[in-house]
Amino acid sequence: MSASQPNVQRAAFDEVMVPTYAPAAFIPVRGEGSRVWDQADREYVDFAGGIAVSALGHGHPALINALTEQAGKLWHVSNIYTNEPALRLARKLVDHTFADRVFFANSGAEANEAACKLARRYGHDVSGGSRYEIVAATNSFHGRTLFTVSVGGQPKYSDGFGPKIEGIRHVPYNDLAALEAVVSDKTCAVILEPIQGEGGVLPADQAYLEGARRLCDAHGALLIFDEVQSGVGRSGHLYAYQHYGVVPDILTTAKSIGGGFPLAAMLTTEKVAQHFSAGVHGSTYGGNPLGCAVGAALLDIVATPETLAGVAARHQRFVAGLEQLNARYGLFQQIRGLGLLIGAVLNDSWKGRAKDIVTAANEEGLMILQAGPDVLRMAPSLIISETDIDEGLARLDRALARLTQG
Ligand SMILES: *Cc1c(COP(=O)(O)O)cnc(C)c1O
């Protein structure tokens with residue numbers, strides 16, 4: 001620690017921060033690959049990946065190079081000008097996906113805000129005002145702005161903030177009949193996570209996404225995939241829609257796309273993009289040179305057959321390890337998810353105890369996530385080593401042993 005920096009401790013959080021979070025007892029200060037060290041130099045294996053963000057782990061040389069090289073050239077010019085890193089990254093995203101056009105933002109919520117506004121504008125333009133309904137899934141998560149909590153299907157995030165955005169309908173996830181019952185000629189868009197992340201790592205059924213696509217086509221509505229958590233290689237495909245073979249009209253990507261640098265994008269088709277003309281939407285930092293330089297370097301590594309095949313192999317190793325733990329402790333009723341977005345659903349005797357497991361794991365030197373009270377979630381680096389997977393699982397084993405004895 002440099003002499004000019006005052007010493008800070010975890011207790012300061014409860015004194016100076018708005019209490020929107022309840023962070024762990026330790027403060028991480030440095031990371032390398034899938035290992036992290038705290039203030040006391042205790043070492044952790046990282047299965048959390050910054051909640052599906054640190055796609056290449058910590059301190060990846062290619063990302064450090066991209067960021068520092070760009071930092072020496074140009075940080076910001078605003079969208080009154082365009083910039084080379086943004087154009088390069090947009091071109092890569094277009095080349096690798098269904099999309100023809102890209103809008104950059106800084107967070108998942110902002111990308112979804114853009115997607116929902118674009119869908120509303122599209123509906124307005126094609127109908128003269130009668131097509132504005134957005135259909136979303138219960139238990140879905142789309143971000144924390146007022147529009148995105150209104151669209152999200154979790155009242156705990158949207159209640160208590162006064163009137164919500166109107167014209168949003170919620171239906172149970174993976175229930176095609178329920179979707180069919182509400183999609184109409186008033187629907188401008190159906191928004192779905194191909195894998196519900198915060199909602200418990202719940203992948204969509206193949207027939208559900210195919211049915212959603214058919215319904216949207218039949219009614220002239222847009223299909224939006226929120227791939228903020230499922231995207232950028234996490235499913236073993238660059239985007240989870242490619243796993244399903246169901247193509248949306250709009251896709252949002254954030255979290256892993258910046259590998260830890262705030263970056264997000266909304267991808268769409270030529271036809272839909274034209275409903276956002278100059279001045280209709282925007283962002284000061286969206287598409288800033290630093291973030292886009294990092295995103296382009298990251299995509300060059302993630303969007304390769306080697307990295308994507310590696311995700312599938314690591315999935316197998318995780319699942320095999322979790323099944324062994326389950327044989328010993330009998331705590332999971334299901335292990336689900338795609339690639340390196342894995343959810344272990346606690347059975348009845350462990351229900352509600354995901355947080356206890358996370359805390360015990362922290363104490364054994366493992367960073368791991370929950371997705372609600374009943375699901376243990378893993379979203380590590382896409383290039384986490386076999387050694388780190390095995391060591392993390394061994395630490396989880398010790399945490400569970402302690403919990404079962406205690
Ligand atoms: C995390 C997440 C968001 C919100 O992203 P922020 O960057 O926190 O705004 C939106 N949708 C999904 C599916 C997410 O997992």
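The legends below describe close-up views of a predicted model of one protein chain.

**Figure 1. Overall fold of the predicted protein chain.** The chain holds 15 helices and 17 strands. Its radius of gyration is 21 Å, against 22 Å from the globule rule for 406 residues, so the chain is as compact as a globular protein of that length. The C-alpha trace extends over about 65 × 55 × 45 Å along the principal axes. Buried residues make up 54% of the 406. Of the contacts between residues at least 6 apart in sequence, 70% link residues at least 24 apart.

**Figure 2. The second largest pocket and its lining.** The volume of this pocket is about 780 Å³. Its lining consists of 28 residues, and those closest to the pocket centre are N79, R101, V102, F103 and F104. Three elements, α4 (84-96), β4 (101-105) and β12 (264-268), each give two or more residues to the lining. Helix α4 gives the most, with five residues. Sorted by class, the lining has 13 nonpolar, 12 polar and three charged residues.

**Figure 3. Helix α9 and the elements that cover it.** Helix α9 runs over residues 206-219. At 1.5 Å a residue, its 14 residues should span 20 Å, and the end C-alpha atoms are 20 Å apart, so the model agrees with the expected span. The buried residues of α9 are Y208, L209, G211, A212, R213, L215 and C216. An α-helix has 3.6 residues a turn, so residues three or four places apart point the same way. The cover over the buried residues of α9 includes α8 (176-182), β7 (187-192), β10 and α10. After α9 comes G220, with a positive phi near 70 degrees.

**Figure 4. I51, a residue with positive phi in helix α2.** Most residues other than glycine have a negative phi. I51 is not a glycine, yet its phi is positive, near 60 degrees. This residue belongs to helix α2, residues 49-52. Its relative accessibility is 34%; this lies between the limits of 20% for buried and 50% for exposed, so I51 counts as partly exposed.

**Figure 5. V232, a residue with positive phi in a loop.** V232 has a phi of about 60 degrees, a positive value, although it is not a glycine. The residue sits in the loop between β10 (222-226) and α10 (240-244). With a relative accessible area of 1%, V232 is buried. The two elements that flank this loop, β10 and α10, are also among those that cover the buried residues of α9.

Methods:
Residues are numbered from 1 along each chain as its sequence is written. This is a predicted model: local features need pLDDT of at least 70, side-chain atom pairs count only at pLDDT 80 or more; totals for chains, interfaces and linings use all residues. Side-chain values use heavy atoms; hydrogens and water are left out. On a 1 Å grid over the protein atoms alone, a cavity is a set of points where a 1.4 Å probe fits but cannot get out, and a pocket is an open set with protein on both sides within 12 Å along at least five of seven lines; lining residues have an atom within 4 Å of a point. Grid points are joined across faces, edges and corners, and a volume is the space filled by probe spheres set on the points. Helices (H or I, at least four residues) and strands (E, at least two) are DSSP runs, numbered from the N terminus. Ala, Val, Leu, Ile, Met, Phe, Trp, Tyr, Cys and Pro count as nonpolar, Asp, Glu, Lys and Arg as charged, and the others, Gly among them, as polar. Buried means under 20% relative accessible area, exposed over 50%, partly exposed in between (1.4 Å probe, protein chains only). The expected span of a helix is 1.5 Å times one less than its number of residues. Contact means heavy atoms within 4.5 Å. The radius of gyration is taken over C-alpha atoms; the globule rule is 2.2 Å times the number of residues to the power 0.38.
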